[in-house]
Amino acid sequence: MEAKEALKEIKAGKFRPAYVIYGKDRYRIGQFTEMLTEAMFTPDERELGVVKFDTSETLIEEAALEAETLPFFVERKLVIVRDSVVFAAGGKEGGKLDHKTDRLQHYLDIPSETTVMLFIINAEKLDERRKLVKMLKDRDALIAFQELDAAELRRWVVKRAEEQKRTMTSDAADLLLVRTGANMQQLAIEVDKLCLHAGEGGVIGVEETELLTASTVEEDVFALVDAIASLQVDRSLKLYRALLVRREEPIKIAALIARQLRIMLQIKELEQNRYSPQQMAGQIGLHPYAVKLAAEKSQKFKVARLGALLSDIADLDYKMKTGAIDKTLGLELFLLSLGVQQGQGAR
């Protein structure tokens with residue numbers, strides 16, 4: 001069953017005897033659970049109407065027994081079962097406890113009209129070899145919540161802003177995804193913060209997103225590499241020292257510089273083969289917006305120059321790790337030498 005279909009039924013007051021929601025997207029799993037709970041109960045009824053179990057601590061047959069029991073002082077009951085052993089692929093059926101899944105199957109053959117069972121499994125796949133999973137699949141009770149890809153997340157971010165009567169530009173949404181990652185809970189918090197700043201009818205652009213969200217270490221290192229390529233030695237040293245203030249290790253910074261140089265080298269090679277930005281993103285494994293920025297910065301380097309820089313930083317990495325040079329000073333000297341070399345006609 002698709003989540004949209006299930007939610008449409010729930011909003012219409014139609015509840016199925018059982019739902020099995022699974023996947024890695026804990027945010028949407030939590031949203032579904034909350035929407036089902038809100039549709040079934042008033043705030044005052046929740047305490048009496050919702051009963052929770054965890055199969056790591058309680059036998060599954062106890063949840064089935066609870067489902068059979070008539071609700072007290074409320075019209076219906078919601079039995080929520082968090083599971084990591086009975087349904088999940090790779091989970092040991094029963095785990096430390098000896099779960100009798102036949103008991104639950106017997107209940108689901110003739111479920112109570114006053115009970116809804118909600119099984120929550122934070123796993124990418126269910127074990128469809130198990131009779132219980134096959135049974136619930138045949139009854140269209142399985143709902144997958146897999147993590148959204150970059151394009152889907154961008155649409156979701158923009159839509160969340162629209163729902164609050166704000167407009168978020170595509171570039172701002174992309175920058176937010178680069179900075180925040182795919183965690184929808186954190187994305188929701190950041191979008192709401194940006195909406196609050198913009199005000200009703202306001203526009204959220206790249207400038208506002210840069211101002212109100214924290215840059216990543218990778219982003220700061222990218223700015224450092226850009227400063228080097230632009231012959232801005234003072235700025236590159238300032239960015240480097242700012243990273244040190246944030247307690248970032250020089251060896252880690254060097255590794256990230258190497259990664260950025262490697263990405264730009266890959267982009268230049270893919271550009272020669274006429275790859276589109278979207279295709280390059282898929283090949284490299286980056287967000288398209290990050291590829292777009294890297295492609296712009298890579299124009300300041302020739303392929304041979306990028307290869308030479310990667311070789312130099314590999315030598316520096318060896319020296320830092322073997323103690324042949326002080327880590328902090330070694331990377332600073334490396335940055336200074338890049339500016340000198342670039343000024344001597346690196347392009």
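Q: In this predicted model, which residue forms a salt bridge with Glu68?
A: Start from helix 4, where Glu68 sits; its partner is in helix 5, 35 residues apart from it in sequence. The closest N and O atoms of the pair are 2.7 Å apart, inside the 4 Å cut-off for a salt bridge. The partner of Glu68 is Arg103.

Q: Is Arg103 buried, partly exposed or exposed?
A: Buried means under 20% relative accessible area and exposed means over 50%. Arg103 comes in at 26%, and Glu68 has 33%. Since 26% falls between those two limits, Arg103 counts as partly exposed.

Q: How far apart in space are the C-alpha atoms of Gly307 and Arg103?
A: Gly307 belongs to helix 16, while Arg103 is in helix 5. Along the chain they are 204 residues apart. Their C-alpha atoms are separated by 64 Å.

Q: Which residue pairs with Asp109 in a salt bridge?
A: Asp109 lies in helix 5, and its partner is in the loop between helix 6 and strand 5, so the pair ties together parts that are 30 residues apart in sequence. The closest N and O atoms are 3.0 Å apart. Asp109 is partly exposed at 48%, and the partner is partly exposed at 40%. That partner is Arg139.

Q: Which residues are joined into one network by salt bridges that share partners?
A: A search of the whole structure turns up 25 salt bridges. Some of these share partners and so link up, if you follow them from one residue to the next. The network consists of Glu5, Glu9, Arg16 and Asp140.

Q: What is the closest N to O distance in the salt bridge between Lys24 and Glu124?
A: Lys24 is in the loop between strand 1 and helix 2, and Glu124 is in the loop between strand 4 and helix 6, 100 residues apart. Lys24 is partly exposed at 46%, and Glu124 is partly exposed at 42%. A salt bridge needs the atoms within 4 Å, and this pair has a closest distance of 3.7 Å.

Q: How far is Leu126 from Ala89, C-alpha to C-alpha?
A: Leu126 is in that loop between strand 4 and helix 6, and at 9% relative accessibility it counts as buried. Setting aside neighbours within four places, its contacts include Val20, Tyr22, Phe87 and Ala89. Leu126 and Ala89 are 37 residues apart in sequence, but their C-alpha distance is 4.7 Å.

Q: Which helix supplies the largest share of the largest nonpolar core?
A: This core has 38 residues, and those touching the most other members are Val221, Ile257, Leu261, Ile267, Leu331 and Leu335. Helices 11 through 17 each supply at least two residues of the core. The largest share is 11 residues, and it comes from helix 13.

Q: How many residues are in the second, separate core?
A: For a feel of the largest core, look at Leu335, which touches Leu224, Ile228 and Ile257, among others. The second core is separate from it and includes Tyr22, Ala63, Val85 and Phe119. Its size is 29 residues.

Q: About what area does the nonpolar surface patch with Phe73 cover?
A: Phe73 lies in the loop between helix 4 and strand 3. It is exposed, with a relative accessible area of 77%. Together with Leu48 and Phe72 it makes a nonpolar surface patch of about 430 Å².

Q: Which side chain makes a polar contact with the side chain of Asp174?
A: Asp174 is in helix 8, and it is buried at 8% relative accessible area. Leaving aside neighbours within four places, it is in contact with Arg154, His287 and Tyr289. The polar contact, at 2.7 Å, is with the side chain of Arg154.

Q: Which residue's backbone nitrogen lies 3.0 Å from a polar atom of the Thr216 side chain?
A: Thr216 sits in the loop between helix 10 and helix 11, and at 17% it counts as buried. Beyond four places in sequence, it touches Val178, Arg179 and Arg246. The backbone nitrogen in question belongs to Glu219.

Key: Residues numbered from 1 in each chain as written. Predicted model: local features only at pLDDT ≥ 70, side-chain atom pairs only at ≥ 80, totals over all residues. Heavy atoms only, no water. Core = buried A, V, L, I, M, F, W, Y, C linked by side-chain atoms within 4.5 Å. Buried < 20%, exposed > 50% of the residue type's maximum accessible area, 1.4 Å probe, protein only. Helix = DSSP H or I, 4+ residues; strand = E, 2+ residues; numbered from the N terminus. Contact = heavy atoms within 4.5 Å. Patch = residues over 30% accessible without salt bridge, like charges linked within 9 Å, V, L, I, M, F, W, Y side chains within 5 Å. Areas by Shrake-Rupley, 256 points an atom, 1.4 Å probe, with all protein chains shown as cover. Salt bridge = Lys/Arg side-chain N within 4 Å of Asp/Glu carboxyl O. Polar contact = N/O pair within 3.5 Å; in protein donor to acceptor, adjacent residues only side chain to side chain.
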